[in-house]
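Subject: Handover of the structure

Dear colleague,

I am passing on the structure below, and after it I set out what was found. Please read the text with the coordinates open beside you.

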Amino acid sequence: MSITRRGWIAVACGALFVAVTAVSTLVSGSWAARDTAASTYSAESAGCKALYLALEQLKLPVKRFRRSFSELRRHEGVLLAIQPRRVEFSEREAARLKEWVRDGNRLIIAEGLPPVPPPKSLDEELMKRFPALKLDNGKTALAGRFGLRLKRGASEGRRTIRLTDMAVPHVRQISASVVARWEETPTGWKIIAADRDGPLILSTRFGRGQVVAISDPSLLSNRRISEEQNLKLALALMLQDPRPSAILFDEYHHGYIQPETVWRYVVTSSFAWIWVQGLVGLGLFFYSRRAHHAGRFRSMAAPTGRSTLEYVDSMSGIFRSCDAAPVALAALLKRFQNQVSHKTFRGSAEDQSAARLRLQRWAVTDDRDVDRLIRDCERVAEAGGTANESLDLAHRLAIARRRLLQGRF
């Protein structure tokens, strides 16, 4: 069985709908995966929503920062970038971030390794699973922009680490994972917390600002923030002198992007798929209705046979050559009677035939001139008459017909 053109269009529409639905599902799934990141929107164990809510309860000026670091110049205070891996850092962002810190602001970086057993080639496995980390050159990892590199710890699990540095005098011990440590202490960096596996927390002056680097982001997570004095450590790092006017959590690099324009919002949100499907549907609708909107089809080819006017001209020539003016008048009279019966009586065909027989009696009561005209036409058509007489009656019959069609009977 062959498929018609409309059938192919229906099949194409169905395939397009399935494809758009599949893509929308994949995209929505990738967005839902953001909840596993160390975001303040996430209530999962790896998220940082508990820390954000705690700061809100303490009436601190906390805010989620959902724009590129290029927009940091409008804000002052502390910026926390906790495991930012979903959106890579551009060169422009890194340059603007460094300028922002040099102007007297504070940056707290918390980056670590995934808690998985080390494979034979750790770097290759990490590059495959977390391409934004890039331990080999640090081009996209935020800590790598400041000359820091991560290494895997000598053991697994968690450990209580004591702090002796006076930078955080009210914090004595914290609970931290031993999965990752900073590889070494670069020149100018100061150790705030460390154990036998290496430095855990480092800090340095950067212009008039400060950078703090934590190799274990889990100590700020929902699951671990309440262990030991992890919360006090976070507060001590954020509220050092000078007291910040704003505490910003980086959400832009977790995928929670606040568009700068309405158009960008539409493109980056689910409205884009709605618009695409709507435009496709409108396109298919107008394509299917193109013949209706274009009007009735008219062929450009010359019609075969003779036109209506040619037929009338031929019949008039036959009547004239045969001197058959009464016959032509009889045809005009019959046409006039049919039009009168159709206009006056709306019944069946038998009723209309009977009405034509009673037309003279009806016409007498309504219009004596029309009755006389019909009788004269019948007389000339039956008995014959001159061509001029037939032409005059035909002219009077045309005037009566015009009055009939205009509703003046």
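To begin with one contact in the sheet, R158 has S177 in β6 as its bridge partner. This is a predicted model, in which local features need pLDDT of at least 70 and side-chain atom pairs count only at pLDDT 80 or more, while totals for chains, interfaces and linings use all residues. Residues are numbered from 1 along each chain as its sequence is written, and side-chain values use heavy atoms, with hydrogens and water left out.

Strand β5 and its partner

Helices (H or I, at least four residues) and strands (E, at least two) are DSSP runs, numbered from the N terminus. Strand β5 covers residues 158-162, and it runs antiparallel to strand β6 (residues 173-177), to which five bridges join it; two strands are taken to pair if DSSP finds at least two bridges between them. The side chains of β5 alternate, with R159 and I161 pointing to one face and buried, while R158, T160 and R162 point to the other face and are not buried. Here buried means under 20% relative accessible area, exposed means over 50%, and partly exposed is in between (1.4 Å probe, protein chains only).

Salt bridges

With a salt bridge defined as a side-chain nitrogen of Lys or Arg within 4 Å of a carboxyl oxygen of Asp or Glu, the count comes to nine. One of them joins R158 to D216, with the closest N and O atoms 4.0 Å apart. Because R158 lies in strand β5 and D216 in the loop between β10 (209-214) and α5 (230-238), this pair ties together parts that are 58 residues apart in sequence. R158 counts as partly exposed at 28% relative accessibility, whereas D216, at 6%, counts as buried.

R158 also forms a salt bridge with E227, where the closest N and O atoms are 3.6 Å apart. That pair likewise links distant parts of the chain, R158 being in strand β5 and E227 in the loop between β10 and α5, 69 residues apart. E227 counts as partly exposed, with a relative accessibility of 22%.

On the other face of the strand, the side chains of R159 and D197 meet in a salt bridge (3.2 Å, N to O). R159 is in strand β5 and D197 in the loop between β8 (190-195) and β9, so that 38 residues separate them along the chain, and both R159 and D197 are buried. Salt bridges that share partners join R158, D216, R224 and E227 into one network.

Aromatic rings

Rings of Phe, Tyr and Trp (its six-membered ring) are paired if their centres lie within 6.5 Å, and planes under 30 degrees apart count as stacked, over 60 as edge-to-face and the rest as tilted; by this rule there are four aromatic pairs. The rings of Y41 and Y256 have centres 4.6 Å apart and planes at 35°, so this pair is tilted. Y41 lies in the loop between α1 (5-32) and α2 (49-57), and Y256 in the loop between β11 (247-250) and α6 (262-268), 215 residues apart. Y41 is partly exposed at 30% relative accessible area, while Y256 counts as buried at 11%.

The rings of F146 and F206 have centres 5.4 Å apart and planes at 75°, so this pair is edge-to-face. F146 lies in the loop between α4 (122-129) and β4 (150-152) and F206 in strand β9 (residues 198-206), so the pair ties together parts 60 residues apart in sequence. Both F146 and F206 are buried.

A charge is said to sit over a ring if NZ of Lys or CZ of Arg is within 6 Å of the ring centre and within 35 degrees of the ring normal. K98 lies over the face of F146, at 5.7 Å from the ring centre, and the charged end of R64 sits over the ring of Y52, 4.0 Å from its centre.

A further contact

R102, found in helix α3 (residues 91-102), is partly exposed with a relative accessible area of 42%. The C-alpha atoms of R102 and G207 are separated by 4.2 Å, although the two residues are 105 apart along the chain.

With best regards
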